[in-house]
Amino acid sequence: MGGGGPDEEDNNNEKWPPWLKPLLKEQFFVQCKLHIESHKSECNMYCLDCMNGSLCSFCLAYHRDHNYIQIRRSSYHDVIRVSEIQKYLDISGVQTYVINSAKVVFLNERPQPRPGKGVINTCEVCDRSLVDNFRFCSLGCKIVGTSKDFQKKKRQLAMVSSDSEDSYSSSSHGKPRKNDDNNNKVRSFSPSTPPPTSVNYRNAKRRKGIPQRAPMAGLIIQY
């Protein structure tokens, strides 16, 4: 059940700051167009007050009194430290990870081909495997997962699933199953336990002719 991105949900039941969705759509770790000739002009900063795109370290000279955050990378995905983002945003329910001895959260959903074995907890939006009791794998999934539209769709899917289970249960109880009919037929044609006389008959059948006595059986011994 993929989320598709935070821009799908306009009517959210939680008041998000105006800079959050632009932040999640922004492209980081590209060369700054204003400081191309400068060394280390990689854009990994974002001003929460201006919301005018990613910034490099040289651009911060124009945002000294503003609120800005630094974006980092993990496995080619954008992350932000919990110590920075929690000052401006409620990140409860979002899975945290420890990278370079610091807790971080991912900005957006990360594709996962298949869930891991033995996983009992997954993201409510993208079904990515989670540990502990978190609800979402990223900030983007939290925006989608807490929206009114998503919750409505989730309830509708749950109702459809419940109705289909009830229909299957009633149909399976209303009609005898084919396997049950076969089992009844087998039991009806199964012979009962043979009476003891049949066993004696077989034993008696094996004895042919009149039994002969031993030659000395008629002798009477007298003392």
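**Exercise 1. State where arginine 135 lies, how accessible it is, and which side chain it meets in a salt bridge.**

Solution.
Step 1. Arginine 135 is found in the loop between β7 and α3. Helices (H or I, at least four residues) and strands (E, at least two) are DSSP runs, numbered from the N terminus. The model is predicted: local features need pLDDT of at least 70, side-chain atom pairs count only at pLDDT 80 or more, and totals for chains, interfaces and linings use all residues. Residues are numbered from 1 along each chain as its sequence is written, and side-chain values use heavy atoms, with hydrogens and water left out.

Step 2. With a relative accessible area of 36%, arginine 135 is partly exposed. The classes are buried (under 20% relative accessible area), exposed (over 50%) and partly exposed in between, for a 1.4 Å probe and protein chains only.

Step 3. The side chain of arginine 135 meets that of glutamate 124 in a salt bridge, at 2.9 Å from N to O. Glutamate 124 also lies in the loop between β7 (102-106) and α3, so the pair ties together parts that are eleven residues apart in sequence. A salt bridge is a side-chain nitrogen of Lys or Arg within 4 Å of a carboxyl oxygen of Asp or Glu.

Step 4. Arginine 135 and serine 92 are 43 residues apart in sequence, and their C-alpha atoms are 8.8 Å apart in space.

**Exercise 2. Determine how many salt bridges the rule gives, and describe those of arginine 73 and lysine 142.**

Solution.
Step 1. Side chains of opposite charge can pair when their charged atoms come close. The count is four salt bridges.

Step 2. Arginine 73 forms a salt bridge with aspartate 78, with the closest N and O atoms 3.1 Å apart. Arginine 73 is partly exposed at 43% relative accessibility, whereas aspartate 78 is buried at 15%.

Step 3. Lysine 142 and aspartate 90 meet through their side chains in a salt bridge of 3.9 Å, N to O. This pair links distant parts of the chain, 52 residues apart: lysine 142 is in helix α3 (residues 139-145), and aspartate 90 is in the loop between α2 (82-85) and β6 (97-99).

Step 4. Lysine 142 counts as buried, at 4% relative accessibility. Aspartate 90 is partly exposed, at 43%.

**Exercise 3. Establish how many disulfides there are, and examine cysteine 32 and cysteine 56.**

Solution.
Step 1. A disulfide is a pair of cysteine sulfur atoms within 2.5 Å. The count is zero disulfides.

Step 2. Cysteine 32 is in no disulfide, and the nearest cysteine sulfur, in cysteine 59, is 3.7 Å away. Cysteine 32 is buried, with a relative accessible area of 4%.

Step 3. For cysteine 56, the closest cysteine sulfur is that of cysteine 59, at 3.6 Å, which is too far for a bond. Cysteine 56 is buried, at 0% relative accessibility.

**Exercise 4. Describe how the strands β4, β5 and β7 pair, and then the open sheet in the order β2-β1-β3.**

Solution.
Step 1. Two strands pair if DSSP finds at least two bridges between them. Strands β4 (residues 72-74) and β5 (residues 77-81) run antiparallel and are joined by three bridges. Serine 74 stands opposite histidine 77 in β5. The hairpin of β4 and β5 has two residues between the strands, and in it serine 75 takes a positive phi near 55°.

Step 2. β5 also pairs with β7, in the antiparallel sense, over three bridges. Phenylalanine 106 in β7 is the bridge partner of valine 79.

Step 3. The open sheet consists of three strands with antiparallel pairing. β2 (54-55) and β3 (68-70) are at its edges with a single partner strand each, so one side of each is left without a neighbour in the sheet.

Step 4. Strand β1 (residues 45-47) pairs with β3 over three bridges. Methionine 45 stands opposite glutamine 70 in β3.

**Exercise 5. Summarise the composition of the protein chain.**

Solution.
Step 1. The chain has six helices and seven strands. Read along the sequence, the pattern is α-β-β-β-β-β-α-β-β-α-α-α-α.

Step 2. Of the 223 residues in the protein chain, 31% are buried.
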